[in-house]
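Trainee: I'm new to this one and could use a hand. Could you pick a single part and walk me through it slowly?

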Amino acid sequence: MNTHTDRQESSARGPRAARPEVPWWSVLAGVIGGIVLLAVAELVSLAFSSSSAPFVAVGGGFIDIIPPWVKDLAIGLFGTKDKLVLFASMVVVYLVLTALNGALGSRRPRTAAAVLAGLGAFATIIVLTRAQNSVPDAIPTVLGTAVAVPTLLLLLRAVRAPSAGARADVVPGNAAGWSRRRSLVGVGAVGILAVIVAAGARGVNASREIASKAAGFALPTPRTRAEEIPADAQVDVEGMPAYLTPNDDFYRIDTALAVPRVDPTTWELRIHGLVDRELTLTFEQLLAEPMIEKHVTLTCVSNTVGGDLAGNATWLGVPVRTLLDRVGVKDGADMVLSRSIDGFTASTPIEALTDDRDSLIAVGMNGEPLPQDHGYPVRMVVPGLYGYVSATKWLTELTVTRFADETAYWTDRGWSERGPIKIASRVDVPRSFGKLSPDADGAVMLGGTAWAQQRGISAVEVRIDDGDWREAELGAEVSADTWVQWSLQWEDATAGDHSVSVRATGGDGEQQTEERANPVPNGASGWHTIEFTVE
Ligand SMILES: Nc1nc2c(c(=O)[nH]1)N[C@H]1C(S)=C(S)[C@@H](COP(=O)(O)O)O[C@H]1N2
Ligand SMILES: [Mo]
């Protein structure tokens, strides 16, 4: 380990440069101490909820406090990989912090121990403030800290050179050097063990989330079935997304770092607030309610023009109206605040839950229990409203209240109180900068999707280059709450580079505006235009 010193001596600054030597071994000890904290905490958290793991809790807390524009930027840059990127950045920050702490510990081991204890205490507080956690969920982090702090002190002692003030090098061939070498091997072994345990426990934690998906239940038979989907709802254009989005392809947007694991056997839905009589339902009781089935296209307010944060599924559930009728909504109530087990909330206008659009407390998605990622076991589905004001996943509570009295997760972060879905259309085929080959007659097929939930789509128009707007052919419209697909045959396609724009007209006659708006605060607008090539 004397290469460092050698390099310093031959540096341009001359042999006696008074640059302080970096105590690399202490730095390593600091990092290992930090990893020991995580390893023990992750391991112990296997006996608790997934959100008891300190990394998951701190990440979740971070997601809740970062400004909305940063979140939009992250979703824009990394899409559904945004959480992976957050995790990776947290790992880097943590490693840097613990490395600096190790450097500090080379001179002041007790201070470094106190800093690590402080990091552990900070993480414990965050764990405790997560909505889905209770006091025992602090145990993994507390134990992790309790093991890591003395470990750090031992590691710092082990890496210190045997003779104080001497170079922190292994001097081969003497007894002190030999015992120091053994200490360093021990430190390395602790480090490797800690990394293995941390990674292994994290892996088991993550796979447990997936395994609990399999814990299904028999979906009840709906009293009212959803309408048949005609075959020509799917337009005949190669490369179009499926008319009904398979569960595995359905976009996922939420603030949950670890997908909440909700046990349906202990799950309850509490309905209270401005009601005549409170109601608490178990999962069994909910399944016994008359269910209806409905195709609904969900859309995220963060969807950008042409984006894919929309999906169409067949949902099975109890109309919210049925349950609100039963509890008796008091005069003056104008909003229902739905709450998730992880603390997320959405504020939905009461009309949207009681009118004839059939808003659902849903348990099924495309013929299966809700997937874990999409709210298992129970979520809300409200046709016509963006997800952030309506589609609460892992639902546990409905508070009948007033907009004047309570606010929700995203409205607290600057998004509009009301979130009706804006009319939108996009080009799916070709992809942006994609290539199309003309058929034998010299024609190419273009296709896409349009939606205006609650109003339906009456027309879609397409413009190629600077040409006239042409009416696209529409696939069968299933309902006003579902998207429609469109297709356009461009008969006399000319080879070369082109652009295509699309705009839709709603069932209410509203023509989609060209005016661009960003997703914040109430959804994007503007025409989708892409460039493509005809070969
Ligand atoms: N518990 C919880 N529910 C939530 C959210 C969330 O962050 N947490 N996000 C909402 C948003 S913004 C959208 S767009 C929809 C997305 O539902 P999906 O992930 O099933 O597509 O869920 C809604 N329900
Ligand atoms: Mo969303």
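Mentor: Let's take a close look at strand E17 and its surroundings, after a quick look at the whole chain.

Keep in mind that this is a predicted model. The protein chain has 535 residues, and 52% of them count as buried. Its secondary structure adds up to 11 helices and 19 strands. If you lay the C-alpha trace along its principal axes, it spans about 90 × 70 × 40 Å. Take the contacts between residues at least 6 apart in sequence: 74% of those join residues at least 24 apart.

Now for E17 itself, which runs over residues 484-490. Is this strand mostly covered or mostly open? Mostly covered: six of its seven residues are buried.

Which strands does E17 pair with? One is E13, residues 444-451, and the two run in the antiparallel sense over seven bridges. To find that pairing on your screen, look for Gly 448, whose bridge partner in E17 is Trp 486. Another is E16, which is just residues 473-474. E16 also pairs with E17 in the antiparallel sense, here over two bridges. For this pairing, go to Glu 473 and follow its bridge to Ser 487 in E17.

Next, step into the loop between E16 and E17, where you'll find Asp 481. Why does Asp 481 count as buried? Because its relative accessibility is 5%, and the cut-off for buried is under 20%. And what does Asp 481 touch? Leaving out residues up to four places away in sequence, the list is Lys 294, His 295, Val 296, Thr 297, Arg 357, Pro 383, Gln 453 and Gln 454.

For another kind of packing, hop over to a pair of helices. H6 covers residues 109-129 and H7 covers residues 139-159; their axes come within 9 Å and cross at roughly 165°. That angle is why H6 counts as roughly antiparallel to H7. The crossing of H6 past H7 is right-handed. On the H6 side, the residues making the contact include Leu 116, Gly 120 and Val 127, while H7 brings in Thr 145, Val 149 and Leu 156, among others. Sorted by class, the contact between H6 and H7 has 13 nonpolar, four polar and one charged residues.

So much for the helices; if you go back to E17, start again from Trp 486, the bridge partner of Gly 448, and then visit Asp 481 in the loop between E16 and E17.

Methods. Residues numbered from 1 in each chain as written. Chains lettered and ligands numbered in written order. Predicted model: local features only at pLDDT ≥ 70, side-chain atom pairs only at ≥ 80, totals over all residues. Heavy atoms only, no water. Buried < 20%, exposed > 50% of the residue type's maximum accessible area, 1.4 Å probe, protein only. Helix = DSSP H or I, 4+ residues; strand = E, 2+ residues; numbered from the N terminus. Pairing = 2+ DSSP bridges. Axes fitted to C-alpha atoms, helices over the stretch in contact; angles between N-to-C directions. Parallel < 35°, antiparallel > 145°, perpendicular 65-115°, else oblique. Left-handed = near helix turned anticlockwise from the far one by under 90°. Contact = heavy atoms within 4.5 Å. Nonpolar A, V, L, I, M, F, W, Y, C, P; charged D, E, K, R; others polar.
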